[in-house]
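User: I am new to this structure. Please show me how to read its features, one at a time.

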Amino acid sequence: MSRRKPLWRLFFALMAMVFLATGCGDKTMNIFEPKGSAGEQQLDLVMLSVYIMLIVFVVVVSIYIFVLFRYRQRKGDDAPPKQIEGNTKIEIVWTAIPIILLIILAIPTISTTFSLAKEPPKDDSIRVKVTAYQYWWMFEYPELGIRTSQELHIPVGKQVFLELESKDVIHSFWVPSLGGKMDMIPGKTNTMTLDAKEPGVYEGRCAELCGAGHALMNFRVIAEEQADFDKWVASIKDPKSQPVNAQAQEGQKIFSQNCMGCHAIEGAGMKVKGDKAPDLTGFGNRTTIAGYLPNDKESLIRWLRDPQSIKPGTKMPSYNHLDEQKMNALAEYLTNLK
Ligand code: CUA
């Protein structure tokens with residue numbers, strides 16, 4: 001059997017990896033096109049280490065190629081060549097160079113890490129407490145007295161000081177275009193400051209394996225102009241939770257009987273502060289269900305009937321026992337919460 005075959009396979013596997021890895025063309029998830037100052041600083045650190053690696057690579061490969069040709073076996077050479085062992089000078093040099101390179105890398109890395117964790121001046125920033133749960137996110141704005149789930153609204157150009165916590169296992173907060181990743185550890189509060197320089201919807205991910213639903217523990221950062229952000233805050237403070245029609249009225253009843261033990265909806269006499277599941281105030285304004293399904297009635301009913309098939313490991317129980325009419329009423333009520 002030819003010994004070249006496995007090499008060809010390796011080559012094709014590597015080429016496939018190149019195409020697959022670069023296939024992630026999602027502009028809202030690209031660390032190489034940062035849309036905020038934290039992301040820019042983190043990209044600078046990545047590029048610094050890339051440049052250092054490139055220098056090391058070029059120097060090592062040049063020496064390697066030089067030695068390969070300069071000291072190759074020639075006719076009349078003794079075999080085996082003279083054996084030598086130990087060279088203090090060379091050993092000091094190749095220990096010192098990596099230490100110097102690591103120091104060059106460490107100084108900006110440590111100073112950026114600490115400066116991103118520091119709270120920015122209060123008059124130009126907002127504070128958000130982020131709590132991770134298997135497998136969803138809660139966002140609380142202590143200064144504004146509101147909270148929401150799954151979609152973090154922020155005003156463009158403002159520093160957003162995040163206090164990151166977890167209620168169960170270790171998660172990690174990551175918005176590729178804006179910055180991250182910061183571990184969220186039960187019993188410990190980590191902090192990080194982010195901002196968005198332009199309005200947009202930025203995809204967020206959990207970046208720490210946290211269980212069966214980890215890969216689907218998505219969230220979104222919605223960066224909007226201050227006026228739009230203020231409008232959103234007002235909609236959460238004074239939500240339209242009144243059922244819009246008779247069907248939604250029935251849906252509200254079904255919600256109180258089945259869902260209020262875990263979920264909260266504020267407004268219209270529905271004020272509950274449960275934190276076992278996402279707060280659904282203003283649910284109709286959200287762009288997704290369960291982190292990645294489109295927010296429409298059809299997806300919502302799919303989710304209610306069989307949440308495990310949509311997000312494995314979720315603590316959301318199935319409501320398959322509700323009949324068609326009740327399910328439609330519940331969906332009508334929830335999708336109209338604005
Ligand atoms: Cu939470 Cu992975």
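Analyst: Bear in mind that this is a predicted model. Let us start with a pair of strands. Strand E1 (residues 125-133) and strand E2 pair in the antiparallel sense, over 5 bridges. The two form a hairpin, with 2 residues between them.

User: Which residue in E2 is the bridge partner of Tyr-133?

Analyst: The partner of Tyr-133 is Trp-136.

User: What joins E2 to strand E3, and in which sense do they run?

Analyst: E2 and E3 (residues 146-149) are joined by 4 bridges and run antiparallel. Within that pair, Met-138 stands opposite Ser-149 of E3. This is a hairpin too, with 4 residues between the strands. Look for Gly-145 there: its phi is positive, near 70°.

User: Is strand E2 mostly covered or mostly open?

Analyst: Mostly covered. E2 spans residues 136-141, and 5 of its 6 residues are buried. Here is a general idea to keep in mind for strands. Side chains in a regular strand alternate between the two faces of the sheet.

User: Now the sheet with E4 in it. What is the order of its strands?

Analyst: Read the order across the sheet: E4-E10-E9-E6-E7. That makes an open sheet of 5 strands, and the pairing is mixed.

User: Which strands stand at the edges?

Analyst: E4 (151-155) and E7 (179-184) do. Each has a single partner strand, so one side of each is left without a neighbour in the sheet. Twist comes next. On average, neighbouring strands here are turned by 20° against each other, direction ignored.

User: How many bridges join E6 to E7?

Analyst: There are 5 bridges, and the two strands run antiparallel. E6 covers residues 171-175. One pairing to find is Phe-173 with its bridge partner Met-182 in E7.

User: Which strands does helix H4 touch?

Analyst: H4 (residues 226-237) packs on the sheet and touches E4 and strand E10 (219-224). The direction of H4 makes about 135° with that of E4.

User: How should I read the cysteines?

Analyst: Start with the general idea. A disulfide is a covalent bond between the sulfur atoms of two cysteines. Searching the whole structure finds 0 disulfides.

User: Why is there no bond for Cys-259?

Analyst: Check the distance. The closest cysteine sulfur to that of Cys-259 is in Cys-262, 8.8 Å away, too far for a bond. Cys-259 counts as buried, at 9% relative accessibility. Cys-206 counts as buried as well, at 6%.

User: How is the chain divided into domains?

Analyst: Domain 1 is 25-71 + 86-237, and domain 2 is 246-335. Their centres, taken over C-alpha atoms, are 32 Å apart. The contact takes 18 residues from domain 1 and 23 residues from domain 2.

User: What area is buried between domain 1 and domain 2?

Analyst: About 1700 Å², with 48% of that given by carbon and sulfur atoms. Now look at the side of domain 1. Arg-147, Glu-151 and Leu-216 supply 33% of the area that domain 1 buries against domain 2, more than any other three residues.

User: One last residue. Where is Glu-332 found?

Analyst: Glu-332 is in helix H8 (residues 324-335).

User: Is Glu-332 buried or exposed?

Analyst: Buried. The cut-off is under 20% relative accessible area, and Glu-332 has 9%. Setting aside neighbours within four places in sequence, Glu-332 is in contact with Val-244, Asn-245, Gln-247, Ala-248 and Lys-297.

Key: Residues numbered from 1 in each chain as written. Predicted model: local features only at pLDDT ≥ 70, side-chain atom pairs only at ≥ 80, totals over all residues. Heavy atoms only, no water. Pairing = 2+ DSSP bridges. Axes fitted to C-alpha atoms, helices over the stretch in contact; angles between N-to-C directions. Contact = heavy atoms within 4.5 Å. Disulfide = S-S within 2.5 Å. Buried < 20%, exposed > 50% of the residue type's maximum accessible area, 1.4 Å probe, protein only. Domains from an automatic or database assignment. Buried area = accessible area lost by both parts, 1.4 Å probe.
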